[in-house]
Amino acid sequence: MDEIRVSPDYNWFRSTVPLKRLQYPVYWDLMEFCDGFRKLLDHLQLDKVHLFGASLGGFLAQKFAEFTHKSPRVHSLILCNSFSDTSIFNQTWTANSFWMMPAFLLKKIVLGNFSKGPVDPKMADAIDFMVDRLESLNQSELASRLTLNCQNSYVEPHKIKDVAVTIIDVFDRSALSLEAKEEMYKLYPNARRAHLKTGGNFPYLCRSAEVNLYIQIHLRQFHGTRYAAITPDMVRAEELEVQESDLSLGQDSEHTP
């Protein structure tokens with residue numbers, strides 16, 4: 001399941017726009033999604049934003065940054081268990097047929113990527129929550145998301161090379177292969193890397209405290225600028241220092257031969 005969240009300038013947003021969870025409508029084409037998301041930002045009068053995206057949401061966030069690269073609307077990206085090329089799923093040849101499949105078959109395709117076997121209670125709760133969310137989607141919503149997830153497309157990194165990126169991923173089993181993760185690291189060689197020992201497909205749910213701290217670390221680099229998204233008093237400095245140390249260690253280990 002995909003997740004995409006917007007974080008604009010914190011002070012302006014806190015005072016004028018109520019915090020709401022948005023669910024995007026049915027889109028069958030990536031460019032159609034990007035145009036719709038741009039119109040949403042225009043409607044909210046947001047100039048540039050920080051985007052957090054998980055799985056498909058992370059891919060869509062990258063494509064939106066690419067789509068708007070000539071007039072940038074994305075200040076930074078936080079990509080959680082995400083990917084840069086839809087060919088990793090080996091479903092590009094079926095992408096144009098999802099629209100005609102019945103809902104039960106589409107749900108079966110999605111559920112096939114969920115963790116199997118014993119997991120800890122928080123991970124089990126996260127899976128149960130996402131199964132409930134899956135049940136709430138109708139056939140066209142499911143089909144359109146699978147179409148966006150699988151239609152032949154990839155990120156063009158040269159178009160978003162000036163966007164600050166943090167990559168969050170897990171060491172345990174998830175829907176993404178090791179090759180897909182390595183491709184993300186190659187695509188963003190200067191990105192910060194945050195690794196979680198466990199979390200499965202939904203670390204932003206079952207490991208939310210750790211993920212939120214990594215988000216705060218990412219956003220701290222924008223303190224004192226027009227695009228500050230949080231105020232310094234929102235998190236204790238010692239908590240950030242511990243997590244930032246872990247983040248640096250993760251980066252160093254990735255570059256150690």
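# A viewer tour, starting at Glu141

Glu141 is buried, with a relative accessible area of 17%. Before you click further, keep in mind that this is a predicted model. The 17% for Glu141 earns the label because buried means under 20% relative accessible area.

**Stop 1: around Glu141.** Select helix 6, residues 139–150, and you'll have Glu141 in it. Now add Val26 to the selection. Along the chain, Val26 and Glu141 are 115 residues apart, yet their C-alpha atoms are separated by 5.6 Å.

**Stop 2: a pair inside one helix.** Side chains of opposite charge can pair when their charged atoms come close. Ten salt bridges turn up in a search of the whole structure, and we'll visit a few. Go to helix 2, residues 30–43, and show the side chains of Asp35 and Lys39; they sit four residues apart there, about one turn of the helix. These two form a salt bridge, with 3.3 Å between the closest N and O atoms. Are they buried or exposed? Asp35 is partly exposed, at a relative accessible area of 23%, and Lys39 is partly exposed too, at 48%.

**Stop 3: from helix 2 to a loop.** Stay on helix 2 and pick Asp42, then pick Arg73. Their side chains meet in a salt bridge, 2.9 Å from N to O. This pair links distant parts of the chain: Asp42 belongs to helix 2, while Arg73 is in the loop between helix 3 (56–67) and strand 3, 31 residues apart. Try colouring by accessibility here. Asp42 counts as partly exposed, at 38% relative accessibility, whereas Arg73, at 11%, counts as buried.

**Stop 4: helix 4 to helix 5.** Next, select Lys107 and Glu135. Here you'll find another salt bridge between side chains, 3.2 Å from N to O. Lys107 lies in helix 4 and Glu135 in helix 5 (residues 121–136), so the pair ties together parts that are 28 residues apart in sequence. Lys107 counts as buried, with 16% relative accessibility, and Glu135 counts as partly exposed, with 47%.

Then hop back to helix 2 for the wider picture. Select Asp35, Arg38, Lys39, Asp42 and Arg73 together: salt bridges that share partners join them into one network.

**Stop 5: a nonpolar patch.** Switch on the surface and pick Trp28, Trp99 and Met100. Together they make a nonpolar surface patch of about 370 Å². Where is Met100? Look in the loop between strand 3 (74–80) and helix 4 (103–111). Met100 has a relative accessible area of 54%, so it is exposed, the cut-off being over 50%.

**Stop 6: the cavity.** Rolling a probe the size of a water molecule over the atoms shows where empty space is left. How many cavities of 30 Å³ or more does a search of the whole structure find? One. The largest cavity holds about 50 Å³ of space. To frame it, select Leu79, Asn81, Ser82, Ile167, Ile168, Asp169, Leu176, Lys181 and Met184, the residues that line it.

Which elements should you colour? Strand 4 (164–170) and helix 7 (178–187) each supply at least two residues of this lining. Strand 4 gives the largest share, three residues. Colour the lining by residue type to finish: five residues are nonpolar, two are polar and two are charged.

Conventions:
Residues are numbered from 1 along each chain as its sequence is written. This is a predicted model: local features need pLDDT of at least 70, side-chain atom pairs count only at pLDDT 80 or more; totals for chains, interfaces and linings use all residues. Side-chain values use heavy atoms; hydrogens and water are left out. On a 1 Å grid over the protein atoms alone, a cavity is a set of points where a 1.4 Å probe fits but cannot get out, and a pocket is an open set with protein on both sides within 12 Å along at least five of seven lines; lining residues have an atom within 4 Å of a point. Grid points are joined across faces, edges and corners, and a volume is the space filled by probe spheres set on the points. Ala, Val, Leu, Ile, Met, Phe, Trp, Tyr, Cys and Pro count as nonpolar, Asp, Glu, Lys and Arg as charged, and the others, Gly among them, as polar. Patches are made of residues with over 30% relative accessible area and no salt bridge: like charges are joined within 9 Å, nonpolar side chains (Val, Leu, Ile, Met, Phe, Trp, Tyr) within 5 Å. Accessible areas come from the Shrake-Rupley method with a 1.4 Å probe; for residues, only the protein chains shown count as cover. A salt bridge is a side-chain nitrogen of Lys or Arg within 4 Å of a carboxyl oxygen of Asp or Glu. Buried means under 20% relative accessible area, exposed over 50%, partly exposed in between (1.4 Å probe, protein chains only).
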